[in-house]
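Trainee: Please take a close look at one part of this model, the pairing of its strands, and go on from there to what packs around them. Where the backbone does something unusual, add that at the end.

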Amino acid sequence: MPYTLREMMRTGPFQELQVIAGKEGLDNPIRYVGVLEAPDSVDFVKEYEFVLTTGYVFSNQTERMMEMIRKLHEHGAAALGIKMFRYVQTIPEEAKKLADEYRFPIFFIPNKYSWHELILPMILNISATGSEEGVFYQDYDQLIYGMQHSQTIYDFISRAGELLQKPLLLLNRMTGDMLQYPSDYQLPVREAGQWLKLLADGQGRLLQNGKVRYCRPRAAVADESADGGGRERERGFLADSLTGFLAMELQMPEYQYLILWDSPEPGNINQFNYLVYSLMLVSESMQNRRRMQKNLILQKGLDLQGIFLENRPEESRMEAMGVAFGETSAWTPALVRFAGKDGRMEERISIYNPVVVRLLEQLSQKRGIHGFTDKEGRLHLLILLGDNTWKARELLAASRKICAGVMKTVQGYFPDLTVQMTVGRWGSGWEGVKIRHEELCHTVESGKSQSVEAGLLHIHDMGMGVFLANPQVRTYLDEFLEEYFEPLEELGPEVREHVVEAVDTYIRAGFNTREAARLLDVHHNTVRNRLEQFVTLTGLDLKQSEDLLMLLIYLQNR
């Protein structure tokens, strides 16, 4: 049974095509599909061809459009599909009447579809119609559905392999990594090196514009070794099967080849074309998925940057991107700083750097972590720990374990850089996580050393330093301390440093004047004079616990 326009409109992207004229011709069969963008191309149109165009050849000129419809009708074309609103704004009534008279359908095609997204499934439907496999549009829908609902690459090839009933293999030619579905299927070729040898051996022929290669290992020859065992070997590996396979190159960092095992011979035209175009669709879907993920990571990073660093109220739109900080979940922020020889981290650690995008993609897929960068070349991560009903020690243990793994992953992407990761306290809900993130940033920025030292640090281990770095506490504390220590701050820099140094050393020496003098390499009377000067200026008594606590906080915040 021929593949018709009416059947075409039942599935996939064709469901969005609108019939503008010639509805009586929807039972026209389709045997070919082509793109027409030059005036003389119409002379090469075949009978039953679905012709696609942007309309550039007639560009809103009624007479040219009608002449094109006449010639297409004379050549027996199946239909004309026009991308509207680019070169053609409307279809004149005269053209519609002519198409109705010829029973020649004219379709409106949404601009969002590329020609490739329409041509590939249409050719596959044409090839598969009448074969044992049935019309491909049903499989096309399921492949598209699988792409949209797959969380990982393996999930996607599993759906595709199950639908096509053929083993699928992904191969990385750099690392030799392989991903196979079904995972327990025993392929005759088991090593990455053997696959690469087959692919590089010049076997097979290229099909479909050079994108798909059909390969079949050369016939095995008897091993004429001295033992006379008669083993079969195939120039570099033992050939257990002469089964053919289809191979296609991928433009992906993880894998560079997609292989479909157990392909029929090219002579079996319907079944062979079905699998060739299926492989092209799987490949295109995987790479589209990759591009979609990159775009999602980029947009998510920019939006989180606006929310956490610029206080833009855009939390509601983040749920559509899979970002939600529930009130029952515990999340902890982490701030990753980098240092390298060139010192220009703001260019390298950027959401626009593909390496950063791949890192955030891996963290998102494997650990559910969200992240973004800032203008200073730092990486901000939001890490899910667990349920906020857990006890504090359980959350802390989870934080230490998870963040150690995250630190290792980050360092793996930037092996030439010094990486320092500081982990904050946990919070729940958008507001709770934002507060913890702000606290973390203030804690890191208020640190005495701004140099980046490799390692993992939890601000839980900083004790009172976290409390003192809290913005609300810090504001109040600065005003409070000013009342006591302003006279000290008004001294000349050298005198002030001598006084503060004497007080600090006196405390560390166990309130022993002579020991403090020894540590400072001065006379003990000098220490006494400086201590008296401090007491006179501030009015504090170092023997009182409240005054001593205030002094320690002052020293901590200098």
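Mentor: Phe 50 stands opposite Ala 79 in β4. Strand β3 (residues 49-53) and strand β4 (residues 79-83) run parallel and are joined by four bridges. Two strands pair if DSSP finds at least two bridges between them. The strands (E, at least two residues) and helices (H or I, at least four residues) are DSSP runs numbered from the N terminus. This is a predicted model: local features need pLDDT of at least 70, side-chain atom pairs count only at pLDDT 80 or more, and totals for chains, interfaces and linings use all residues. Residues are numbered from 1 along each chain as its sequence is written, and side-chain values use heavy atoms, with hydrogens and water left out.

β3 and β4 belong to an open sheet of five strands with mixed pairing, in the order β1-β5-β4-β3-β2. Its edges are β1 (18-21) and β2 (32-35), each of which pairs on one side only. Neighbours in this sheet are turned by 25° against each other on average, direction ignored.

Another open sheet of five strands, also with mixed pairing, has the order β15-β16-β14-β17-β18. Here β15 (370-373) and β18 (455-458) are the edge strands, pairing on one side only. The average turn between neighbouring strands of this sheet is 20°, direction ignored. Within it, strand β14 (residues 329-339) and strand β16 (residues 379-387) run antiparallel, joined by eight bridges. Ser 329 has Asp 387 as its bridge partner in β16.

Helices lie across this second sheet. Helix α11 crosses β15 and β16, running at about 5° to β16. Helix α13 (residues 429-445) lies across β14, β15, β16 and β17 (418-423), at about 30° to β14. Such angles run from 0 to 180 degrees between N-to-C directions, and the axes are lines fitted to C-alpha atoms, for helices over the stretch in contact. Contact means heavy atoms within 4.5 Å.

α11 (residues 354-367) also packs against helix α12 (residues 392-413), at an angle of about 155° and with the axes 10 Å apart. The two helices are therefore roughly antiparallel (angles over 145 degrees count as such, under 35 as roughly parallel, 65 to 115 as roughly perpendicular and the rest as oblique). Their crossing is right-handed, meaning that the near helix is turned clockwise from the far one by less than a right angle; anticlockwise would be left-handed. From α11 the contact takes Val 355, Arg 358, Leu 359, Gln 362, Leu 363 and Arg 367, and from α12 Ile 402, Gly 405, Val 406, Thr 409, Val 410 and Tyr 413. Seven of these residues are nonpolar, three polar and two charged; Ala, Val, Leu, Ile, Met, Phe, Trp, Tyr, Cys and Pro count as nonpolar, Asp, Glu, Lys and Arg as charged, and the others, Gly among them, as polar.

Now the backbone. The peptide bond from Tyr 181 to Pro 182 is cis, with omega near -10°, and Pro 182 sits in the loop between β7 (178-181) and α7 (192-200). Gln 165, a residue other than glycine, has a positive phi near 60°. Gln 165 is in the loop between α6 (153-164) and β6 (168-171) and is exposed, with a relative accessible area of 63%. Asp 262, also other than glycine, has a positive phi near 70°, but Asp 262 lies in strand β13 (residues 257-263). Asp 262 is partly exposed, at a relative accessible area of 33%. Buried means under 20%, exposed over 50% and partly exposed in between, with a 1.4 Å probe and protein chains only.
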